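Please take a reader new to this structure through its interior, beginning with the enclosed spaces and going on to a helix and the nonpolar cores.

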Amino acid sequence: MVGSSSDSDSDVEVQLVIPATQPSVPLSIDKGRAWSPSRPSSDEEAEEGPNPILSKELPSYPQPSGYEPSQLSTFRPIRDFNFYELSADEVSAMVPQNKTLALSIDPEETLALLGTYALTILRGSVSILGVTLSASKVIHHVFAPRSAPIPILRCVASDVHANFNIHSLPPRVRNPHGGAVVAIQSLDTGIEGLGRVCRVFDGVFEPSRWQRSSSEVILSGVNLVAHSTRDVQPFVLPASWSIALDAAAADPPSLSEDPTPLSVYVVKGPKKSGKSTFARTLLNRLLVRFQRVAYLECDVGQSEFTPGGLVALNILDSPIFGPPFTHPSLPYRANYVGATSPRSSPAQYLAAIQALLETYKLEVQTSMPDDESTGTRVTDVVPLVVNTMGWTKGLGADLNAKVDELAQPTHIFEIIGPEEKGWPTAPPTHGASYNEPTPSKASEYTLEAGPTGSTNTHFNAIDQRNLNILSYFHAIFPSTFTSPLAPLRQITATKWDTSLPLCARYPYEVDWGQAFDQVILVGAGYEDVIPLEIANVLNGAIVGLVECEPGTGDPTYPNPSDVLQLPYTQGKQPPMPSSSTCHGLALIRGISPSSPHMHILTPVPPAVLARCRVIVKGELELPIWGMLDFRDANEGVACVEKGRVPYLQWGKGEGLGGERRRVRRNLMRKAQM
C-alpha cells in the first residue's frame, strides 16, 4: 500500500503486501532536489543530506553482492568423474547427434557458463535464471553474453512427481544422489557474428582479457567461468522477486466452477530498475505451468521480442534464456508507433494497446486444447504478461495508469527503483483520476529494484537498442509451420546470417505501384513533408510493414500520368490499430529515380510480406553500425572510399544543424511543484 501527503515534510511509505517474515526497516534514498534543476539553489540546500520527503520502507532482504567479485562456479570438472565426453552411440539415445558433454552436478553445486549452448536435463532438476527445469526431452537454447548477467546453473531438489526414467544414462555416467545430470552441446546459430556488425559487442560471448585466467573452455563456444569480474556478473534473483514469483505462479485453490482462472500480470517500474528482467523471469515461470503465455510489450524503447517502435503481442511456448537481441520474434499482432517513446503520439499508443488487448481477449485468452502437448501443462488458458514502459513521470505516469485501466490486471508487480534527480515520485493510482482512485481488485506486489551491480556498465540502453535492430535484420526466421495451430506458435529466429553487411545483401526489388496502396509518415513534423520530397524521406529509412483488413484501408491513387509518384498523401493518419497489424520492419535501401522500383531488406518471410500493402515511416532510424561495411579495413562502404560515402560523415559536423540538438526535459509543470 502507498500512502502520501501533500505536505513537503511527509514521508512516502511503501509496504510489501506479500507475505514476508523479515522485519521492515526504513531505507533512505538520496534523491537530491525535489524541484526543477532550473530553479537556483542556495548553499544551505547544497549542504543537505538525503531528501527528507522521500523515505521508503522496504523489507530488510539481504542485498545481493553481484557487483563484488565472487565465486560463480563451485563445480570443478574432473574427467570421467563428473565430466564426460559422450560417444556417438551414447548420444543417439538421448539428444541429437553432436559433440555432447554430460555433467554430473552434486546438490547445491553451481555452474556458470559463458557462450551459447544447448541444455538438456537428463536427471534431476536444475535452476537457471529463476526457473527450475526438470528432466525432459526438451532442448533449451541458452545465450550467455557478457553484456547481460550470465545464468548460473544450480542443482536443486527434484519434484516428487518428476519422471527419472526419461533418459537412459550410459553406465559410466555417475548419477549423484539428490543431484542432477545435464547434457551440454554447442549451439551453432551465427549470433556471435553480430559482434562484427556492431563492434561495441565484439566478442561478448567470449571471456574478456580480465576473465581468461579464471575461465576454462569445456566445449567449442562454451567457457566455464569460475569468478566474476567487472565485466562478467551473475544473474541474481532478489528475495522479494522470488517471493512474488512463487505467489504468482502457484496453483490457485481448486474451484469446481473455475479450476484455471484467467490471469493478467502487469509489471511496472522506472528505468534501470530491472523491470524487463522481472517480466522475462515471470514469463518463464508461467511457462512451467502453462503451455502458452501471451506477452504484451508496451515498452517501445526497450522491447523484448521485437525492435523498438512496436507495441506487440507475442505468443510464447518455450522459456527464454538470453537477453532481447538473442530472441527476435515475429509478433502475433503488433502496431507500429514508429518511435522509441510515445511522447509525440500518446493517443495512437493507447489505441494500439487497446486493440491488442481486445485481440488477446477474443483470439488468444482461451484456446482449444493442444493435442501435441505433453506433460501436465495447462493448454486451454493463455495468461497475459504486460510489460509497461519505464517512463513513470508526467505524461508517462498518465499513460501507464491508462494501460492499467485497459488491461484490468489480476496481479500488479511494481518495482521501486532509484528516482531521477529533481522529480518526486507520484503515488500510484489505479483509476482515471488522481483525486478519486478506484480500488483495485488485483493482487499487488511491491518489489525492490534489481541489483545495480549485476548490469554491465560498458553497454548502455542505446547500445542495446541498436543491437536489437541489427539482430532483427540479420535474423533468419522459420518460414513454414506444419501444425494447424501455427498462428498460436512462437516464431523466433533460430539463426543469424552475418556473412555480409546490409549494404551487400541481396534485397527484394519491389514495384511500388503494384505492391503498396499507401505510404504514411508518422511522428512530429512529418505532416509537413510534401509529395515531391517523399522519395528522399524514404531513401535509407526503416519502415513498418502493415497489413490492413480488407475494406478498411483507403488506398491512395497517384496521378496515372506520373508512374514515378509514390502513393503518398500529405498529413494522412496512420491505419486504425483495430483493423491493421504490423508484421515487421523493413529497410528501404534505395529508390530508383528513373523507375517505380525500390530495394527492400527485411527478414519477414515472403508469404507474409506479400500481404503488407501499407508502409509506415516513423522516427526510428537505422543505427550507424548498419550503414558500415565491416569487410573493408579502410572503413569504406561497398567499395566506395571513406570520404565519398553518401549520408555518412566522419568527424565533426559543419554548417547549420550540424551540431547535436540539445533538448531539456527536466522542467516540471506547475501542478507537479
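How many cavities of 30 Å³ or more does the structure hold? In this model, which is predicted rather than determined by experiment, there are 5 cavities of that volume or above.

The largest cavity has a volume of about 80 Å³, and its lining is made up of Ala334, Asn335, Tyr336, Gln348, Val546, Pro574, Pro575, Pro577, Ser580, Cys582 and Val616. Two elements, β18 (333–336) and β27 (580–591), give two or more residues each to this lining, and β18 gives the most, with 3 residues. When the residues of the lining are divided by class, 8 are nonpolar and 3 are polar, while none is charged.

The second largest cavity holds about 50 Å³ of space. Around this second cavity stand Glu304, Phe305, Thr306, Pro307, Pro324, Phe325, Pro328, Asn468 and Tyr472, a lining that has 6 nonpolar, 2 polar and 1 charged residues.

From the cavities we can turn to a helix. Helix α6, which runs over residues 346–364, has 19 residues and reaches 26 Å from its first C-alpha to its last, close to the 27 Å expected at 1.5 Å a residue. Its buried residues are Tyr349, Leu350, Ala352, Ile353, Ala355, Leu356, Leu357, Thr359, Tyr360 and Val364. In reading such a list it helps to recall that an α-helix has 3.6 residues a turn, so residues three or four places apart point the same way. What covers the buried residues of α6 includes the strands β16 (293–297), β17 (310–316), β18 and β19 (384–387), together with the helix α7 (395–407).

The last part of the picture is the nonpolar cores. In soluble globular proteins, nonpolar side chains tend to be buried together. Here the largest nonpolar core has 63 residues, and those with the most contacts inside it are Leu538, Ile542 and Met598; the largest share of this core, 6 residues, comes from β27, the strand that also gives two or more residues to the lining of the largest cavity. With its neighbours within four places in sequence left aside, Met598 is in contact with Tyr508, Glu509, Val510, Trp512, Phe516, Leu566, Ile588, Gly590 and Ile591. Apart from this largest core lies another core, of 29 residues, and among them are Val266, Ala294, Ile353 and Val364. Ile353 and Val364 belong to the buried residues of α6, and in this way the helix has a part in that other core.

Technical notes
Residues are numbered from 1 along each chain as its sequence is written. This is a predicted model: local features need pLDDT of at least 70, side-chain atom pairs count only at pLDDT 80 or more; totals for chains, interfaces and linings use all residues. Side-chain values use heavy atoms; hydrogens and water are left out. On a 1 Å grid over the protein atoms alone, a cavity is a set of points where a 1.4 Å probe fits but cannot get out, and a pocket is an open set with protein on both sides within 12 Å along at least five of seven lines; lining residues have an atom within 4 Å of a point. Grid points are joined across faces, edges and corners, and a volume is the space filled by probe spheres set on the points. Helices (H or I, at least four residues) and strands (E, at least two) are DSSP runs, numbered from the N terminus. Ala, Val, Leu, Ile, Met, Phe, Trp, Tyr, Cys and Pro count as nonpolar, Asp, Glu, Lys and Arg as charged, and the others, Gly among them, as polar. The expected span of a helix is 1.5 Å times one less than its number of residues. Buried means under 20% relative accessible area, exposed over 50%, partly exposed in between (1.4 Å probe, protein chains only). Contact means heavy atoms within 4.5 Å. A nonpolar core is a set of buried Ala, Val, Leu, Ile, Met, Phe, Trp, Tyr and Cys residues joined through side-chain atoms within 4.5 Å.
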